[in-house]
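Visitor: I would like to learn how to read a model like this one. Where should we begin?

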Amino acid sequence: MRKCIIFILSLTAALLFCYPKQMIASQNGLVIDEFRTRTLSSSTDEYIVLANYSLVDINLLNYSLIKKTSSGNNYNLVSKFPTISIAPYQKLILGYRDYTGEKDLTYTTSSLADTNNGIILFNNFGKIVDSVTYGEINFAEMEGLPLDDPMPGVSYKRINRLDTDNNFLDFIADIYVKPLDINVDKVLITELMPDPDEGDEWF
């Protein structure tokens with residue numbers, strides 16, 4: 001009987017350990033993965049991406065997302081998330097009301113500043129899950145060194161899911177440079193047929 005009880009307890013413990021379950025995000029890989037504060041043509045065409053790099057679903061119910069200014073004031077971006085889960089290695093796109101791309105949720109209460117700002121994600125217990133800062137800003141919970149103020153139209157992206165708790169090491173500016181066409185304003189010979197067996201020569 002004792003062996004049977006020990007076997008049942010061991011089996012239960014194994015199932016609890018192996019069976020995927022939702023966890024508090026601060027205990028796993030929920031991060032701010034990407035953001036953009038504006039485009040060249042619009043100061044409010046902005047977005048924020050959250051990513052789940054854990055092995056379990058994360059339910060964002062009652063989580064919150066705020067922006068923090070250099071003066072220390074907090075403003076709600078998302079005061080409380082609805083019941084929405086992010087599956088393992090999936091992302092959630094949050095777009096401001098003027099964001100022109102695809103998005104999973106829209107926020108309208110406040111928009112990001114182009115300079116000296118922080119983005120902070122809180123769990124449903126009010127504990128900081130992740131944060132990213134840029135420009136001249138300093139607060140106790142910030143992660144390492146802030147990023148440079150983003151240029152218009154340039155997004156910051158997390159490097160290979162890296163999370164060292166130092167924003168300066170974890171993010172890179174995603175700058176697209178249009179390839180230079182060396183053939184612009186040139187007349188080139190692209191095909192030719194010299195001395196064919198049949199027909200005329202051409203180029």
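Guide: Begin with a charged pair. This is a predicted model. In it, Asp130 and Arg158 form a salt bridge, with 3.1 Å between the closest N and O atoms.

Visitor: Which strands hold Asp130 and Arg158?

Guide: Asp130 lies in strand E10 and Arg158 in strand E11 (residues 155–158), so the pair ties together parts that are 28 residues apart in sequence. Both Asp130 and Arg158 are buried. The pair also belongs to a network of salt bridges that links Asp130, Arg158, Asp163 and Asp170.

Visitor: What is the general idea behind such pairs?

Guide: Side chains of opposite charge can pair when their charged atoms come close. Here the count comes to seven salt bridges. One of them joins Asp33 to Lys91, with the closest N and O atoms 2.9 Å apart. Asp33 sits in strand E1 (residues 30–36) and Lys91 in strand E7 (residues 90–96), so this bridge ties together parts 58 residues apart in sequence.

Visitor: Are Asp33 and Lys91 buried or exposed?

Guide: Take them one by one. Asp33 has 4% relative accessibility and counts as buried, because the cut-off is under 20%. Lys91, at 47%, is partly exposed. For another case, look at Arg36 and Asp45: their closest N and O atoms are 3.0 Å apart, and both residues are buried.

Visitor: Now the sheet. What is the order of its four strands?

Guide: The order is E5-E4-E9-E10, in an open sheet with antiparallel pairing. Strands E5 (74–78) and E10 (128–134) are the edges; each has a single partner strand, so one side of each lacks a neighbour in the sheet. From one strand to the next, the twist averages 25°. Between E4 (residues 64–69) and E9 (residues 117–122) there are six bridges. Leu65 stands opposite Leu121 in E9.

Visitor: What surrounds a polar residue such as Asn52?

Guide: Asn52 lies in strand E2 (residues 47–52) and is buried, at 0% relative accessible area. Its side chain makes a 2.6 Å polar contact with the side chain of Ser54. A polar atom of the Asn52 side chain also lies 2.8 Å from the backbone oxygen of Val56. Further along the sequence, Asn52 touches residues including Gly29, Asp57, Ile86 and Tyr89.

Visitor: Which elements have the lowest and highest mean pLDDT?

Guide: Helix H1 (residues 2–18) has the lowest, 46, and E2 the highest, 97. Over residues 3–9 the pLDDT is below 50, and this stretch has zero contacts beyond near neighbours in sequence. Residues 11–27 are also below 50, but that stretch has 23 such contacts in the model. For the protein, the mean is 82, and 73% of residues reach 70 or more.

Terms used:
Residues are numbered from 1 along each chain as its sequence is written. This is a predicted model: local features need pLDDT of at least 70, side-chain atom pairs count only at pLDDT 80 or more; totals for chains, interfaces and linings use all residues. Side-chain values use heavy atoms; hydrogens and water are left out. Two strands pair if DSSP finds at least two bridges between them. Helices (H or I, at least four residues) and strands (E, at least two) are DSSP runs, numbered from the N terminus. Axes are lines fitted to C-alpha atoms, for helices over the stretch in contact, and angles run from 0 to 180 degrees between N-to-C directions. Buried means under 20% relative accessible area, exposed over 50%, partly exposed in between (1.4 Å probe, protein chains only). A polar contact is a pair of N or O atoms within 3.5 Å; within protein, one must be able to donate a hydrogen and the other to accept it, and residues adjacent in sequence count only if both atoms are side-chain atoms. Contact means heavy atoms within 4.5 Å. pLDDT is the predictor's confidence in each residue, from 0 to 100. A salt bridge is a side-chain nitrogen of Lys or Arg within 4 Å of a carboxyl oxygen of Asp or Glu. Lists of a residue's contacts leave out its neighbours within four places in sequence.
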